[in-house]
Amino acid sequence: MSNDEFSVHIKLSKTTGFEERRQFINEALFLSRINHLHIVKLIDCGIDGDGKSFIATQKLNPLSRKYQSGSFNYQSIGDDLVSVINVLDFLSFLGVAHGD
């Protein structure tokens, strides 16, 4: 892949219900406002032809470039994990569900 290409992850709602649509809208709004190394970037969101909500995000490689290059130590891994936990805790506080 070239530098300007990336994989996309599509999250599609299971139903067309109001509550699930509200959850998707909230998640898309928060993703659009967050710029963090360990949080995916929002590409698009909307409603498909069947009335189901979707969110398209950039798919992250399980190992960041920092870890692939071998330039890490246990302290940097711990710092990154704490950062991810803090962001997920904040998103949970705001009502954004994380299913992974």
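# Strand pairing, core and salt bridges in a predicted model

Mentor: Thr57 touches Ser7, Val8, His9, Leu31, Val40, Lys41, Leu42 and Ile43, leaving out residues up to four places away in sequence. The model is a predicted one.

Trainee: Is Thr57 buried or exposed?

Mentor: Thr57 belongs to strand β3, residues 53-58. The cut-off for buried is under 20% relative accessible area. Thr57 has a relative accessible area of 6%, so the residue counts as buried.

Trainee: Which residue is the bridge partner of Leu42 in β3?

Mentor: Strand β2, residues 42-47, runs antiparallel to β3, and five bridges join the two. Leu42 is also among the residues that Thr57 touches. In β3, the bridge partner of Leu42 is Thr57.

Trainee: Which residue of β3 is the bridge partner of Ile47?

Mentor: Ile47 is in contact with Ser53, as are Gly46 and Arg21, among others. Ser53 is a residue of strand β3. The bridge partner of Ile47 in β3 is Ser53.

Trainee: What is the relative accessible area of Ser53, and is the residue buried or exposed?

Mentor: Beyond four places in sequence, the contacts of Ser53 include Lys11, Leu12, Ser13 and Phe24. The limit for buried is under 20%. Ser53 counts as buried because its relative accessible area is 4%.

Trainee: Which residue in the hairpin of β2 and β3 takes a positive phi?

Mentor: The hairpin has five residues between the strands. The phi in question is near 85 degrees, and the residue that takes it is Gly51.

Trainee: Which residue of β3 is the bridge partner of Val8?

Mentor: Val8 is found in strand β1. β1 and β3 pair in the antiparallel sense over five bridges. In β3, Val8 has as its bridge partner Gln58.

Trainee: Which strand gives the largest share of the nonpolar patch?

Mentor: The patch on the surface consists of Val8, Ile10, Leu12 and Ile43, with about 350 Å² of accessible area together. Val8 is partly exposed because its relative accessibility is 43%. The largest share of the patch, three residues, comes from strand β1.

Trainee: Which helix contributes the largest share of the largest nonpolar core?

Mentor: The largest nonpolar core has six residues: Phe24, Ala28, Leu31, Ile39, Ile55 and Val87. Three of these residues come from one helix, residues 18-33, and that is the largest share. The helix is α1.

Trainee: Which residues does Phe24 touch, not counting those up to four places away in sequence?

Mentor: Phe24 is one of the core residues. Ile55, which Phe24 touches, is another of them. The full list for Phe24 is Lys11, Leu12, Ser13, Ser53, Phe54 and Ile55.

Trainee: How many residues apart are Lys11 and Glu27, whose side chains meet in a salt bridge?

Mentor: Side chains of opposite charge can pair when their charged atoms come close. For Lys11 and Glu27 the N to O distance is 2.8 Å. The pair links distant parts of the chain, with Lys11 in strand β1 and Glu27 in helix α1, and the separation is 16 residues.

Trainee: Which relative accessible areas do Lys11 and Glu27 have?

Mentor: Buried means under 20%, and partly exposed runs from there to 50%. Lys11 is partly exposed, because its relative accessible area is 28%. Glu27 counts as buried, because its relative accessible area is 11%.

Trainee: With which residue does Arg22 form a salt bridge?

Mentor: The structure holds two salt bridges. In the one formed by Arg22, the closest N and O atoms are 2.3 Å apart. Both residues lie in helix α1, three residues apart, about one turn of the helix. The partner of Arg22 is Glu19.

Trainee: Why does Glu19 count as partly exposed?

Mentor: Its partner Arg22 is partly exposed, with a relative accessible area of 36%. The band for partly exposed lies between 20% and 50%. Glu19 falls in this band because its relative accessibility is 46%.

Trainee: Which pattern does the chain follow along the sequence?

Mentor: The secondary structure comes to three helices and three strands. Of the 100 residues of the chain, 19% count as buried. Read along the sequence, the pattern is β-α-β-β-α-α.

Technical notes: Residues numbered from 1 in each chain as written. Predicted model: local features only at pLDDT ≥ 70, side-chain atom pairs only at ≥ 80, totals over all residues. Heavy atoms only, no water. Core = buried A, V, L, I, M, F, W, Y, C linked by side-chain atoms within 4.5 Å. Buried < 20%, exposed > 50% of the residue type's maximum accessible area, 1.4 Å probe, protein only. Helix = DSSP H or I, 4+ residues; strand = E, 2+ residues; numbered from the N terminus. Contact = heavy atoms within 4.5 Å. Patch = residues over 30% accessible without salt bridge, like charges linked within 9 Å, V, L, I, M, F, W, Y side chains within 5 Å. Areas by Shrake-Rupley, 256 points an atom, 1.4 Å probe, with all protein chains shown as cover. Salt bridge = Lys/Arg side-chain N within 4 Å of Asp/Glu carboxyl O. Pairing = 2+ DSSP bridges.
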